[in-house]
Amino acid sequence: MSTPPLSLSQSQGTRLLGASGFTRLCKGISLVLIALHILLHLFPSAITYLALIPARTIPFAWNLITAGYVEQSVYGVVVSTIGLLFIGKLLEPVWGPREFLKFVFVVNLLTSLCIFITAIALYYITRQEHYLYLPLSGFHGVISGFLVGIKQIIPDQELPFLKIKMKWLPSITLLCSIATSFWTLEATAYLPTVIFGTYMSWIYLRYWQRKPETKLKGDPSEDFAFSTFFPEFLRLVIDPIASIFHRMLCGRSDASNDAQGYTLGGELLPGSDPIEASRRRERGARALEERLATARSAEELQTDATENV
């Protein structure tokens with residue numbers, strides 16, 4: 001049993017996208033992004049210690065963490081801040097502040113680690129030193145991960161005005177990033193972060209995220225499988241490949257979940273697929289409705305106050 005798609009009118013979508021209802025945690029992280037960008041503008045040499053420079057990551061290992069919060073351009077800090085505030089006010093009520101912050105930290109760290117390993121590998125393959133000394137940083141990996149979270153909790157919800165289902169946002173973002181990288185050098189620098197941010201967030205949500213209500217980990221539903229990032233006609237090719245990597249990388253995780261109770265005697269238990277996926281969508285839809293109701297109430301109060309004046 002799945003939750004029916006929640007449809008939004010244009011006016012409801014406008015309220016949802018309004019500049020209200022931002023969470024304290026998202027505001028705090030936004031201030032960190034802005035503060036570090038200003039710091040970098042005032043002290044350009046700080047990029048050596050804050051950004052990910054593969055040749056200097058050892059001994060400056062902390063840049064695996066700090067790099068994700070350092071935006072080198074005004075465009076980057078504006079896009080990341082807006083994305084964090086607007087997407088965060090959808091995800092944080094569903095996950096909770098603690099889980100939301102954990103997601104940001106883990107996805108940021110794993111994305112930086114993947115970029116570091118990739119840069120080192122490219123250097124040994126090509127012997128080009130710019131792979132070692134190019135400063136890499138930005139919050140766009142986590143923003144890409146947020147889109148995967150949106151795909152998970154409200155996949156069938158349509159974007160206001162565009163009539164595009166939320167489940168396709170990560171795929172469209174990746175496709176646009178790849179296409180743009182052929183035209184501009186700056187987009188090429190962003191591409192690895194977007195790719196790894198998307199994939200690491202899916203890994204985290206698929207296998208590692210804990211469910212307090214079920215004490216299980218991950219989202220085993222077919223609607224959140226890796227092949228769902230691709231068009232239907234490609235899934236016959238993607239599924240066998242994905243299943244190989246699934247068994248190689250996550251076999252123990254599956255065994256652990258089975259032992260804890262995903263199945264018992266061949267029957268699904270509460271919290272497993274598809275019941276857990278349905279509950280997650282219900283929570284996402286409920287959080288979305290609450291945001292809309294709050295925005296609607298604020299708008300009515302403002303209208304009443306204007307009329308009284």
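**View 1. Ile34 on helix α2 of a predicted model.** In this predicted model, Ile34 is partly exposed, with a relative accessible area of 36%, a value that falls between the limit of 20% for buried residues and that of 50% for exposed ones. Ile34 has its place in helix α2, which comprises residues 24-42.

**View 2. A nonpolar surface patch that includes Ile34.** Together with Ile38, Leu39, Leu42 and Phe43, the residue Ile34 makes a nonpolar patch of about 460 Å² on the surface. Of these residues, Leu42 is also listed among the exposed residues of α2.

**View 3. Helix α2 from end to end.** The 19 residues of α2, counted at 1.5 Å a residue, should span 27 Å, and the end C-alpha atoms of the helix are indeed 27 Å apart, so the expected and the computed span agree.

**View 4. The buried and the exposed side of α2.** The buried residues of this helix are Cys26, Ile29, Ser30, Leu33, Leu36, His37 and Leu40. Seen down the axis of α2, these buried residues fall within an arc of 130°, and therefore line one face of the helix. In an α-helix there are 3.6 residues a turn, so residues three or four places apart point the same way. The cover over the buried residues of α2 includes α3 (47-50), α5 (74-95) and α6 (97-126), whereas Arg24, Leu31 and Leu42 are exposed on the other side of α2.

**View 5. Ser227 in a loop.** Ser227 lies in the loop between β2 (216-217) and α11 (235-260), and is buried, with a relative accessible area of 5%. Leaving aside residues up to four places away in sequence, Ser227 touches Arg235, Ile238 and Asp239.

Notes: Residues numbered from 1 in each chain as written. Predicted model: local features only at pLDDT ≥ 70, side-chain atom pairs only at ≥ 80, totals over all residues. Heavy atoms only, no water. Patch = residues over 30% accessible without salt bridge, like charges linked within 9 Å, V, L, I, M, F, W, Y side chains within 5 Å. Areas by Shrake-Rupley, 256 points an atom, 1.4 Å probe, with all protein chains shown as cover. Salt bridge = Lys/Arg side-chain N within 4 Å of Asp/Glu carboxyl O. Helix = DSSP H or I, 4+ residues; strand = E, 2+ residues; numbered from the N terminus. Buried < 20%, exposed > 50% of the residue type's maximum accessible area, 1.4 Å probe, protein only. Expected span 1.5 Å × (residues − 1). Arc of directions from axis to C-beta. Contact = heavy atoms within 4.5 Å.
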